[in-house]
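Subject: Structure handover

Dear colleague,

I am passing on the structure we spoke about, so that you can open it beside this message. Please look through it once before reading the notes underneath.

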Amino acid sequence: MDVGAFVAQLQKRPGYRGQVVHVEHLPARKARYGALDWPLPPALEEALRGIGAERLYTHQAQAINAIRAGQHVILCTGTASGKTLAYNIPVLEALITEPQARALYLFPTKALAQDQLRSLHELIRAGRDSHPALADIRFGTYDGDTPPGARARLRREASVLLTNPDMLHLGILPHHTLWADFFGHLRFVVIDEAHVYRGVFGSHVGCVLRRLWRVCARYGAAPQIIACSATIANPGEHLRRLAGVEAVVVDDDGAPQGARQFVLWNPPFVDRARTARRSANIEAARLFAQLVQAGIRTIVFSRARRVAELILIYARRILEDEAPTLVDRVRAYRAGYRPEQRREIERGLRPGGGLLGVTATSALELGIDIGDLDASVLVGYPGTIASLWQQAGRAGRGNRCALTALIALDDPLDQYFMRHPRDLFGRPHEHALIDPSNPYILEMHLPCAAHENPLSRGSPLTSQSSGPVAAAPAAMPRRVIPGRRARPSAQAVYRPPPPLPPGLAEGDDETLFGPGFVPAMIALESAGELEYRSDRWWPRAGAYPAGKVSLRVVAGSRVALLNASQNYCLLEEIEGTSALVRVHPGAIYLHQGESFLVRELDLDAGHAILEPVQVDYYTQPRQIDDVRILRAVAHQQLGQAPVSLGQVRVTQQVIGYRRVQQFREETLGVEDLDLPAQTFDTVALWWQVPPSILTKVQRRGLDVAGGLHAVEHATIGLLPLFAMCDRWDIGGLSTPYHPDTGTALVFLYDAFPGGVGIAEKGFDLLTELWRATYEAVRNCPCEDGCPSCIQSPKCGSNNEPLDKRAAIQILAELVRGE
């Protein structure tokens, strides 16, 4: 069935209750082609013809020309626009003319690396039969699943190595002497899906890349960087923060796109007070079943593996009643499946393959080939505009007309877009935020860097340290491997790449790692993790620091989650700073779609004991916060409201938890806990609410504290509109009287030690944040507040006090004042 006819028919079906609040008609776009500055080698021209890509899109040609000219490049275009070819072609061209050259491909997941391995294999196979130069190129994936024998072979022979940042950090850089030949000839580093590297993970990867540049410099190499990203607002700035280099931005997307019907679907209210909506998961299952019955190949995205599996179960139950023959034609498809299972599902999704739909997690929004699909259903706004279009673009690839449906959750951000569709479809992409110079993260990576090559500094440090950290060591020499012949030059058309990050050539690690270097080094010296001798810093004897560092957490301590039902085997590890929130006693913890009850948490021993359970509820921690101002670093006046940005000290304490019925969202019970408080320093923005505004609120008989609390919740819920983050990445505090200023304050802070740039972005865009929050709260149809506007799922005070009318008054005055 045509997707347009399906949407029209959908609104006439029994049980339809006005869920379609908006339909955006996106027209088709024709392809635009570009030209290379000079022809490709015959082998590559043959390979392109073999895969049906005889002409290059504008962005592909522009990227290849810039790469050939020796420039660092970031390619920032939409889903299925052919970014992979834009780096495979120039890399293979260099390898044909320079057989000793090497390339390192970095992907955020093992699954994506395997998928891109297949694409590279198909491209090479298409040209090597008639041109044996391609046949000599060796390539493969190097990750945790690679057998030991294959690892040794790849170290010796691979011209192109496909891996992920975790393996680079843990298994390659610490053993760089085994990779001396590879690093000495490393010509290209490809960073695919660069927009994924944001927040804590991105900040870690930024440190890993700086460690990579140091190792390359040790062996005399200066690789050229090619990055690919979904569309974001700041691709050049993001790569500069991530990799430390200035790059050419290529964003003139010439790939064709089919027409698309984009439906905004808001579940109906289930109560007269209009405070609760029908479960988005049930709505998704019903829509999925209807699409499948119409013969429309569909993917359903959710943000959790468990939800993906539940939607499949619900959809199959519906199909059992309405179309039993289709039950086996829908599957779940998510990370964690064996490769052969995934290949089977991919084959099933292609025309004639038998499958009509899959449920999946948001991890599969990345560039993995999952066949030909006609519709994508998004269960909840995925958090960023970039992810929204990534997921939408998984259906209708090429020139086919496609359908996308965004099913709203009952939270402020989703409901804001349901009421402001123009803001969703006309909205610029968010800024990717990272901070590799975060001292807390550097404290983990600097010992790793010292283990790989002793740390040094090109200029004196300004610090209060009385020890060797205040001295000025000599610059790090660039090592040349004895006996190596000069690298044969490539075609004359290739130029040397531009300089790598500042400080690298001079051996100035302070400049390379950024302003967090000094406080991190002082802390590491004090803790005995680094020793200063012979004008350099060396790691503690016998240490293997990389083994203690996970790229997915911000602080060094971790808590092991142990399965009591399987002889206390390790389920996974989580960040120690989040353990009291995520695995407190009585918590329900989800692991690979299964529910586990936390029986015991021992922070001193570094473990939590869990056991599998079958329950129909989940838990939400109740947490109280205290925020004290350490120092302000920036100020601005927005109308009557003074606004500041600076460093704060946050004290958090989990005081209990709620048991919440799955899908019905009803509170089944509230339990108290007696747990220790945790303290960390981070970055926050805060604003004073002037007494004149508070007086107006009081004169109307409204609750000042409840209004401030509601403003805090609502602004946290809307801040992800402007920064690539999740509301769980943000903390907040509001008070009618703060002891540090003697005034009413609202704080928004990064919920990670040291911060990752969220508060800074909020400070820059606070006017827009106030306006969006005012519109969201004012236009919410509830009377006294609900999860769609001012209630927060993580509020430690059980969403009390809250005053919606007071919040509207305060926000109106702030917006009017600025």
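What follows is a short account of a few places in this structure, taken one region at a time.

Please keep in mind throughout that this is a predicted model.

I would begin with strand β9, because six of its six residues are buried and the strand is therefore largely enclosed by the rest of the structure. Its side chains are divided between two directions, with Arg260, Phe262 and Leu264 pointing one way and Gln261, Val263 and Trp265 the other, and all of them are buried. As a general point, the side chains of a regular strand alternate between the two faces of the sheet. On the question of neighbours, β9 is joined to β1 by six bridges, the two running antiparallel, and to β14 by six bridges, in this case with the strands running parallel. Phenylalanine 262 is a useful residue for finding your way here, since glutamate 24 stands opposite this residue of β9, while threonine 404 is its bridge partner in β14.

Glutamate 24 deserves a second look, as it also forms a salt bridge with arginine 422, in which the closest N and O atoms are 2.7 Å apart. Because arginine 422 lies in helix α16 and glutamate 24 in strand β1, the pair ties together parts that are 398 residues apart in sequence. With a relative accessible area of 14%, glutamate 24 falls under the 20% limit and so counts as buried.

The elements named so far return around helix α15, which spans residues 412-419 and is mostly covered, with seven of its eight residues buried. Those buried residues are Pro412, Leu413, Asp414, Gln415, Tyr416, Phe417 and Met418. What covers them includes the strands β1, β9 and β14 together with the helices α16, α22 and α24. At the N-terminal end of α15, aspartate 411 acts as a cap, one of its side-chain oxygens lying 3.2 Å from the backbone nitrogen of leucine 413.

A separate region to visit is strand β23, which covers residues 641-661 and holds serine 644. This serine has a relative accessibility of 9% and therefore counts as buried. Leaving aside residues up to four places away in sequence, serine 644 touches Ala632, Ala634, His635, Ala684, Leu685, Trp686 and Phe763. With one of these, histidine 635, the contact is also polar and runs from side chain to side chain at 3.1 Å. Arginine 700, by contrast, is 56 residues from serine 644 along the chain, and the C-alpha atoms of the two are separated by 29 Å.

Finally, a word on charged pairs, of which the count comes to 25 salt bridges. One of them brings together the side chains of glutamate 283 and arginine 278, at 2.7 Å from N to O, and glutamate 283 counts as buried because its relative accessibility is 2%. Another is made by the side chains of arginine 649 and aspartate 681, again with 2.7 Å from N to O. This pair links distant parts of the chain, since arginine 649 is in strand β23 and aspartate 681 in strand β25, 32 residues apart. Arginine 649 has a relative accessible area of 38% and is therefore partly exposed. Salt bridges that share partners also join Lys696, Glu813 and Arg816 into one network.

With best regards

Note on methods:
Residues numbered from 1 in each chain as written. Predicted model: local features only at pLDDT ≥ 70, side-chain atom pairs only at ≥ 80, totals over all residues. Heavy atoms only, no water. Buried < 20%, exposed > 50% of the residue type's maximum accessible area, 1.4 Å probe, protein only. Helix = DSSP H or I, 4+ residues; strand = E, 2+ residues; numbered from the N terminus. Contact = heavy atoms within 4.5 Å. Polar contact = N/O pair within 3.5 Å; in protein donor to acceptor, adjacent residues only side chain to side chain. Pairing = 2+ DSSP bridges. Salt bridge = Lys/Arg side-chain N within 4 Å of Asp/Glu carboxyl O.
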